[in-house]
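Visitor: I'd like a quick tour of this one, with the reasoning spelled out. Could you take my questions as they come?

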Amino acid sequence: MPVPASRFADPPILVVTDVAARLVRRGLLTPADAAGGWRSARVIVFRSGPVVCDPPPGTRGIETGCVDLFRGRSYVSAAPMTLALYNTLTRRVEPFAPLAPPRVTLYTCGPTVWNYAHIGNFRTFLFEDLLRRYLAYSGYDVFHIMNLTDVDDRTIKAAAAAGKRLEEHTAPFVEAFFEDRDYLRITPAHAYPRATQSVPAMVRLVERLLERGVAYKGEDGSIYFAIAKFPTYGRLSRLDTRELKVGARVASDEYAKDDPRDFALWKKAEPADEQVGAAWDAPFGRGRPGWHLECSAMSLEQIGKCCRTETLDVHAGGVDLIFPHHEDEIAQSEAATGKPFARFWLHGEFLNVRGTKMSKRFGNFLTARDLRDQGVDAAAVRLLFWQTHYRKALDFTDEALAAAAAGVRRLGEFYERVKREPGNGKREGRLTELAAKFEIEFRAALDDDLNAPRACAALFELVHEGNAALDAKARGAAVARGALDRAMAVLDVLPTAKTADTELEGWIGARIAARDKARKSKDFKEADRIRAELAGRGVEIEDTPSGTKWRLV
Ligand SMILES: [Zn+2]
């Protein structure tokens, strides 16, 4: 029974198996329960036959599994039709749709390169990596921009303390950030605009705001944004402007202001700025950009260049940026363009260490390179982070990291097993069915505001049941491998391949040659002894028609 595509027009809709549908028809299960706890979901239940036998639109990889999947199997599965994301702007999970599909413009606030980024910062960057990869998995063409804040109060202070020019101080930290990004397998952004290289765009934005009368020059020579001229100020952070406390970044700024809520767009050059080379000429006076202005100018410049638009589809960052940074970005951008700045605002929660937010200020911070130097597999860090939803605080402990590392190893073993299993050219079998069930659940989980913990649970269920199926000589390993490969394009948590140094490689080659010689002379006892010797150093061997292959385990 083909299902017309129009039935899927109003998201979110769930697909349930016929077992669940039968129970709903008999009144033994409510549609809401069949939906497995999904909020405001619509369940399609037909009078007879399978519930949905066509793959949901946009779902890939379950074409062959679909018929099997719904042929009277005894499990319940639910698959929402569209990606829904929690939008900080509306405080709701909303169906996601970009302005000009399939293009999605994504801007994420990048690191301030005054020091090494700690893993709390990287939790945010990893959540953004998950978002970026899942958008791509969902068929979107993502243009991702991440800025590098290489001039602001902190970078200037740090450069001055080190007795260096600004670019001299920040350059090694920019390099370190890229190294850490690669270690953690974060997909590089399409553009990394640097604040110091985008000053002309910042100057133009300030001019635009001055022309529109929402910016003014203070007595101190700096340019400020007049919040009173922007009535929707505070919409993102739900801030009651009357309650704004001194101590927030805007109020604790050193410059005098005629309104304590106004924030600096352009700060008049001080001797300290000149000393490190952080001052530029502008028609409204020599100075340097405020941090908030930088992001507005760089994002508008980049999306204008790439996509001729002034509205971002998604803007993301850590929760600590909601106020004042993102609030100020909205004010500056919308006051200048008259258009919405970003349609979706996504914010990732903190990483805690011993119950306290990790920060350089509290001295409880750990950098990505600390983990790398300790030999921690990046896959374990990724899995650990995926196991907590991005909107929940995550406690980082050695125990949790060790558990994630064990999970990564288990997954790697299963993947190797599936890879080794001959496909027999046949796609049907228990593993096909498990793979189809997994992909539906995987997609349902991530469509639900990037519910990675649920996606990981489905992944490890596949590992568990898949191992049992392989023990029972089930077929369909090639399909299971395809499903794993697609999921890994998003989660990317397979163990890092171990590499041998030249010395070890030479030793392995010599031992394998000695074993071949022993086998040829029928000395199997010696051959077995050499195999055990290799295993003792973590080398697994396999005899194939084209010779003996080895790998490190
Ligand atoms: Zn920013």
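What follows is a chat about the fold, the metal site, the charged pairs and the rings.

Visitor: Before we start, what kind of model is this, and from which number are residues counted along each chain?

Guide: This is a predicted model, where local features need pLDDT of at least 70 and side-chain atom pairs count only at pLDDT 80 or more, while totals for chains, interfaces and linings use all residues. Side-chain values use heavy atoms, with hydrogens and water left out, and along each chain, as its sequence is written, residues are numbered from 1.

Visitor: How many helices and strands does the protein have?

Guide: Helices (H or I, at least four residues) and strands (E, at least two) are taken as DSSP runs, numbered from the N terminus. Counted like that, the protein has 19 helices and 18 strands.

Visitor: What share of the residues is buried?

Guide: Buried means under 20% relative accessible area, exposed means over 50%, and partly exposed is in between (1.4 Å probe, protein chains only). Of the 553 residues in the protein, the buried share is 53%.

Visitor: And what share of the contacts with a separation of 6 or more comes from residues 24 or more positions apart?

Guide: A contact here is a pair of heavy atoms within 4.5 Å. Taking the contacts with a separation of 6 or more, residues 24 or more positions apart account for 76%.

Visitor: Which residues coordinate the zinc ion?

Guide: Donors are N, O and S atoms within 2.8 Å of the metal (3.2 Å for Na, K and Ca), and water is not among the atoms, so sites may look incomplete. The donor spacing in sequence reads C-x185-C-x29-H. At 2.0 to 2.2 Å from the zinc ion, the donors are Cys109 (SG), Cys295 (SG) and His325 (NE2).

Visitor: Which helices do Cys295 and His325 lie in?

Guide: Both Cys295 and His325 are buried. The pair ties together parts that are 30 residues apart in sequence, because Cys295 and His325 lie in helix H10 (residues 291-307) and helix H11 (residues 322-337).

Visitor: On to charges: how many salt bridges are there?

Guide: The rule asks for a side-chain nitrogen of Lys or Arg within 4 Å of a carboxyl oxygen of Asp or Glu. One network of these bridges links Asp129, Arg133, Arg185, Asp377, Arg382 and Asp492. The full count is 43.

Visitor: Glu439 forms a salt bridge with which residue?

Guide: The closest N and O atoms of this pair are 2.8 Å apart. Glu439 lies in helix H15 (residues 430-447) and its partner in helix H17 (residues 477-491), so the bridge ties together parts that are 47 residues apart in sequence. Glu439 is buried at 3% relative accessible area, while the partner counts as partly exposed at 30%. That partner is Arg486.

Visitor: How many residues apart are Glu533 and Arg529 in their helix?

Guide: These two form a salt bridge, with 3.7 Å between the closest N and O atoms. Glu533 is partly exposed at 28%, and Arg529 is partly exposed at 42%. Both sit in helix H19 (residues 524-536), separated by about one helical turn, and the spacing is four residues.

Visitor: Is Asp281 buried or exposed?

Guide: Asp281 meets Arg286 in a salt bridge, 3.1 Å from N to O. Arg286 is partly exposed at 36%. With a relative accessible area of 60%, Asp281 is exposed.

Visitor: Now the rings: how many aromatic pairs does the structure hold?

Guide: Rings of Phe, Tyr and Trp (its six-membered ring) pair if their centres lie within 6.5 Å; planes under 30 degrees apart count as stacked, over 60 as edge-to-face and the rest as tilted. The number of aromatic pairs in the structure is 17.

Visitor: What is the angle between the planes of Phe96 and Phe344?

Guide: Phe96 lies in the loop between strand E5 (92-95) and strand E6 (103-108), and Phe344 in strand E13 (residues 342-348), so the pair ties together parts that are 248 residues apart in sequence. Phe96 is buried at 5%, and Phe344 is buried at 4%. The pair is edge-to-face, with 5.2 Å centre to centre and a plane angle of 70°.

Visitor: Last one: the charged end of Arg391 sits over the ring of which residue?

Guide: A charge sits over a ring if NZ of Lys or CZ of Arg is within 6 Å of the ring centre and within 35 degrees of the ring normal. Arg537 sits like that over Trp507, 4.4 Å from the ring centre. For Arg391 the distance to the ring centre is 3.9 Å, and the ring belongs to Tyr86.
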